[in-house]
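Visitor: Hello! I am new to this structure, so could you walk me through some of its strands and helices?

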Amino acid sequence: MKNKKVIIIGAGIGGLTAGALLAQMGYEVTILEKNSSIGGRVMQFSESGYTFDMGSPWYIMPEVYERLFAHFGKKPSDFYHLTKLKTHYRMFFGKNQVIDIDEDMSKNLQQFEAMEKGSAKNIKDYLAKSKSLYDFSMKHVAYKNHDSMFDRVRFAWVRAALSAPIFDSLEEFVSRYTKNKELQKVLLYSSLFIGNPPQQTPSLYSALANIDSHTGVFYPQGGMHQVVTALEMLCKEYGATIKLRTPVAKIVTKDGCASSVIARNKRYNADFIISNADYAHTELRLLDEEHRTYDEQYAEYKRNTSSAFIMYFGVKGGVKKLKHHTFIVANDWDDHFSDMFADTSWPNEPLVYITTSSKTDPSVAPKGCDAIRVYVPISAYIKDTPEARAAFKEKVIQRIEQMTGEDIRSRLVVDRVFTIKDYQRLYNSYRGGGLGFTTKKFNTGFLHPNNKSMKVRNLFYAGRDSLPGIGMGLAVISAELAVMRVMEADTPSRK
Ligand SMILES: Cc1cc2nc3c(=O)[nH]c(=O)nc-3n(C[C@H](O)[C@H](O)[C@H](O)COP(=O)(O)OP(=O)(O)OC[C@H]3O[C@@H](n4cnc5c(N)ncnc54)[C@H](O)[C@@H]3O)c2cc1C
């Protein structure tokens, strides 16, 4: 086994996790990353004293990181300090209609009951279902490779049978527990984690509600990038090499087996290759046609989740009405979400999600100021032009100012926009999608592509597009699954 070579394409969470684990096992690991820094969708940048996490703002599934670091005899606290948020999030339904979701669930249930009689009990039941579904999935499904469709469907059906009606959308499922439109939104916002409209998200994703309701909401001081830094330290400790500014242009095969990659005109030989790059990019751009498991039509069918319109603002003097996590909910929620997938037009009244890490972490902004990251889910099929960006940015700022009653525009010290074309440029994302392949109804987890190529031996996948799906924690699990694939494929030499 010793000194077998593994090439990993991409230094996102999945690539780094797989790299650290395989290096610890004695493989000679080289991670090739196209960008000048690591972390992929969890990159970070600083400007004028403000620091921003570019992608993920929610540290969810803490137990996944505990399990991962335990493989190395470590704990998350060996790398970063987690702060538990008192207010999980604030939701604006209108200027004077605000709800704060507290870490103390009994307080939340009291608020819910005041909004709709009987809802405290119903929502408690809903959250209990969510927890059992989550626990079941983590115990029996998440950490398993599935080799046949039968395996995968069987698991999914068991999961469904135990909990949610499989043909319901998440929105339909939630509406069985509360008729109050605001409360529905409180229970549905988590579908944003997977970039899906709740009307098209399978009810199984009600498991997501468990993430804040039972586990709590955490934040690593210094930002989400601390997770990336921890993984980089482990890669270095165990001797994995990370090469930046090294975009892979081709995966070369020999006798049906992955044998090397070409990057910057140099060949890197490999016994095993794991691609952490987007699935469609790997299949359609890095492999010759005869070696592709899936074609362009498949990528189109899977279509991306939504893309995102993101603004990074350094605001002098801060924005008082914002919490660490704040949502400004669209009045016409259905309209926004149909725009997100079907349309090529910008949303009229956007749903706005704002992360203000400086509320918890003084290191990310100058004293008394706020580093805010504004996120609006949009369709990846919108035409992204400088004029359209400017107009939409204006609309979103107006909306934040309207709700908070605070002027932002005149106090911007940092002012950056990141959207569809940036996703394509920075991550080779298919059509500029933000998160990866969709998990909408009839296109969900167990129908995701497998994490091994069906055409090329010893080519595996880790990351958001393969099982178990989208999210930092799931990218970690996908890497553990890809590592199992390498070990299985390497079994003869390990005996
Ligand atoms: C706006 C946004 C908000 C999110 N919010 C959350 C959240 O709150 N909580 C959460 O858990 N998750 C969240 N996510 C999802 C989570 O960030 C991602 O699912 C996860 O980080 C993906 O990790 P990955 O390992 O799949 O790789 P990625 O981060 O996608 O990295 C892939 C890497 O491959 C590199 N690459 C691509 N092509 C090549 C090539 N040809 N050669 C070399 N390198 C290449 C890319 O540059 C990139 O570094 C969010 C994502 C986004 C975009």
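Guide: Gladly, and please keep in mind that this is a predicted model. Let us begin with strand β14: S307, F309, M311, F313 and V315 point one way from it, and A308, I310, Y312 and G314 point the other way. Whichever way they point, all of these residues are buried.

Visitor: How many residues of β14 are buried, and what follows for the strand?

Guide: Strand β14 covers residues 307-315. Because nine of its nine residues are buried, β14 is largely enclosed by the rest of the structure. The count you asked for is nine of nine.

Visitor: Which residues are the bridge partners of Y312 in β17 and in β18?

Guide: Strand β14 pairs with β17 (residues 370-378) in the antiparallel sense, over nine bridges. Strand β18 (residues 412-418) also runs antiparallel to β14, joined to it by six bridges. Y312 has a bridge partner in each: in β17 it is R373, and in β18 it is R416.

Visitor: Where do the buried residues of helix α14 lie, seen down its axis?

Guide: Helix α14 spans residues 420-427, and its buried residues are I420, D422, Y423, L426 and Y427. Seen down the axis of α14, they fall within an arc of 160 degrees, so they line one face of the helix.

Visitor: What covers those buried residues of α14?

Guide: Two of the strands we have just met, β17 and β18, are among the elements that cover them. The cover also includes helix α13 (386-404) and strand β14.

Visitor: Which residue follows α14, and what is its phi?

Guide: Right after α14 comes N428. Its phi is positive, near 55 degrees.

Visitor: Now for the open sheet of five strands: which strands stand at its edges?

Guide: The order is β9-β2-β1-β13-β19, with parallel pairing. Each edge strand has a single partner strand, so one side of it is left without a neighbour in the sheet. Neighbouring strands here are turned by 20 degrees against each other on average, direction ignored. The strands at the edges are β9 (241-243) and β19 (459-461).

Visitor: Which residue in β2 stands opposite K5?

Guide: Strand β1 (residues 5-9) and strand β2 (residues 28-32) pair in the parallel sense over five bridges. Opposite K5, in β2, stands E28.

Visitor: At about what angle to β2 does helix α1 run?

Guide: Helix α1 (residues 13-24) lies across β1, β2, β9 and β13 (272-275). Its angle to β2 is about 165 degrees.

Terms used
Residues are numbered from 1 along each chain as its sequence is written. This is a predicted model: local features need pLDDT of at least 70, side-chain atom pairs count only at pLDDT 80 or more; totals for chains, interfaces and linings use all residues. Side-chain values use heavy atoms; hydrogens and water are left out. Two strands pair if DSSP finds at least two bridges between them. Helices (H or I, at least four residues) and strands (E, at least two) are DSSP runs, numbered from the N terminus. Axes are lines fitted to C-alpha atoms, for helices over the stretch in contact, and angles run from 0 to 180 degrees between N-to-C directions. Contact means heavy atoms within 4.5 Å. Buried means under 20% relative accessible area, exposed over 50%, partly exposed in between (1.4 Å probe, protein chains only). The arc is that of the directions from the helix axis to the C-beta atoms.
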